Amino acid sequence: MIQDNRAKVRQVLLITLILNLLVMGLKAGVGIRIGSLSLQADALHSVTDSANNILGLIANRFSSPKPDREHPYGHQKFEAVGALGIAAFLAIACFEIVQGAIERIWKGGTPVEVSGPELWIILIVLGINIFVAYYERRVGKRIGSPILIADAYHTMSDIWITITVMVGLIGIWLGNIWNLSQLQWLDVILAFPVAILVFVSGKEVIKENLPWLVDEMAIPPEKIHKIVMQVPGVINCHDIASRGVVGRQVFMEMHLIVEADDVDTAHQITEEVERRLEQQFSPVRIIIHVEPPDYQAETISYETHQT
């Protein structure tokens, strides 16, 4: 049974959009006030959070899992495309972080003046980001939404960026107290590991969603063959193929050789095969081509994969 969880996804995306806009405003306001280029850059990175939420809402609008005349296999690839769009935003954010750090090294910048109240505001921002990431990831895992899981990865990168910026600003704050101007370089030094974290987040998003778009094998055929062969009346099966993502939606097809002299018996056998596969890999759509007991072929069993 295919479940349409788009309403829940929209609710989560709208809540996180509001929170991300609040975070972006706080970062930008404090960054401009204290003259922190790193915090202003972090605010720009938060712009991508809001953009991702909007992108997710657009993708969600067109990602119904239920088939229609124009899309007989459903619309879930729209959601995977949206997740890859988030990966693209992550790549842009990574480039911006590295570019900003290099510019600071070569051109320098105005000294940052930070005090306790600004640090407390950044701490509040950090708490909001942690809540958003946890909330999206928890709901995304529960309902199997790649767009929420991908956006949670992106928010996690924002958390590490905010932590890095905060550590740098605390160092600058202490440096101003102790008259250590060298600590102004903390923002630049910590920017590069942040870029690596953003890159890793984007890689994970691509890794989880690309198989859906390129029709990568969803289930090893040997595993399907083993389950099917346990059904009474099945002689063998071959030409097994599957695509999709287990837990989200799997499409499966096979040729089935059955011990049956009439259509009703063959139908009962295929119904039991579908029931067992549905129980193991739900949701799944299965196409079975039934063949008679005397079917002849060079290879009717799927050969065990050798590694």
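**Figure 1. The packing partners of helix α8 in this predicted model.** The buried residues of α8 pack against helix α7 (221–228) and against the strands β1 (234–245), β2 (249–258) and β3 (284–291). Those buried residues are A266, I269, T270, V273, L277 and F281. They cover an arc of only 95° around the axis, which places them on the same side of α8. Turn to the face directed away from that buried side and you will meet the exposed residues D264, Q268 and Q279.

**Figure 2. The length and start of α8.** Helix α8 runs over residues 263–281, and its 19 residues should span 27 Å at 1.5 Å a residue; the end C-alpha atoms are 26 Å apart, so the two values agree. At the start of the helix, a side-chain oxygen of D262 comes to within 3.2 Å of the backbone nitrogen of D264.

**Figure 3. The largest nonpolar core.** This core has 39 residues, and those touching the most other members are I34, L39, I97, L148, L169, V198 and V205. Two or more residues each come from α1 (6–34), α2 (37–61), α3 (77–107), α4 (116–143), α5 (146–178) and α6 (186–213). The most generous giver is α5, with ten residues. Zooming in on I34, and setting aside neighbours within four places in sequence, we find contacts with L39, V112, E113, V114, E118 and L169. Another core, of 22 residues, lies apart from this one and includes I240, V250, V273 and L277.

**Figure 4. The annotated cytoplasmic span.** An unreviewed UniProt entry annotates residues 222–292 as "domain: Cation efflux protein cytoplasmic". In the model, this span is 37% helix and 42% strand, and its end C-alpha atoms lie 22 Å apart.

Terms used:
Residues numbered from 1 in each chain as written. Predicted model: local features only at pLDDT ≥ 70, side-chain atom pairs only at ≥ 80, totals over all residues. Heavy atoms only, no water. UniProt positions renumbered as here; feature names shortened; annotations may be inferred. Helix = DSSP H or I, 4+ residues; strand = E, 2+ residues; numbered from the N terminus. Core = buried A, V, L, I, M, F, W, Y, C linked by side-chain atoms within 4.5 Å. Buried < 20%, exposed > 50% of the residue type's maximum accessible area, 1.4 Å probe, protein only. Contact = heavy atoms within 4.5 Å. Expected span 1.5 Å × (residues − 1). Arc of directions from axis to C-beta. Polar contact = N/O pair within 3.5 Å; in protein donor to acceptor, adjacent residues only side chain to side chain.
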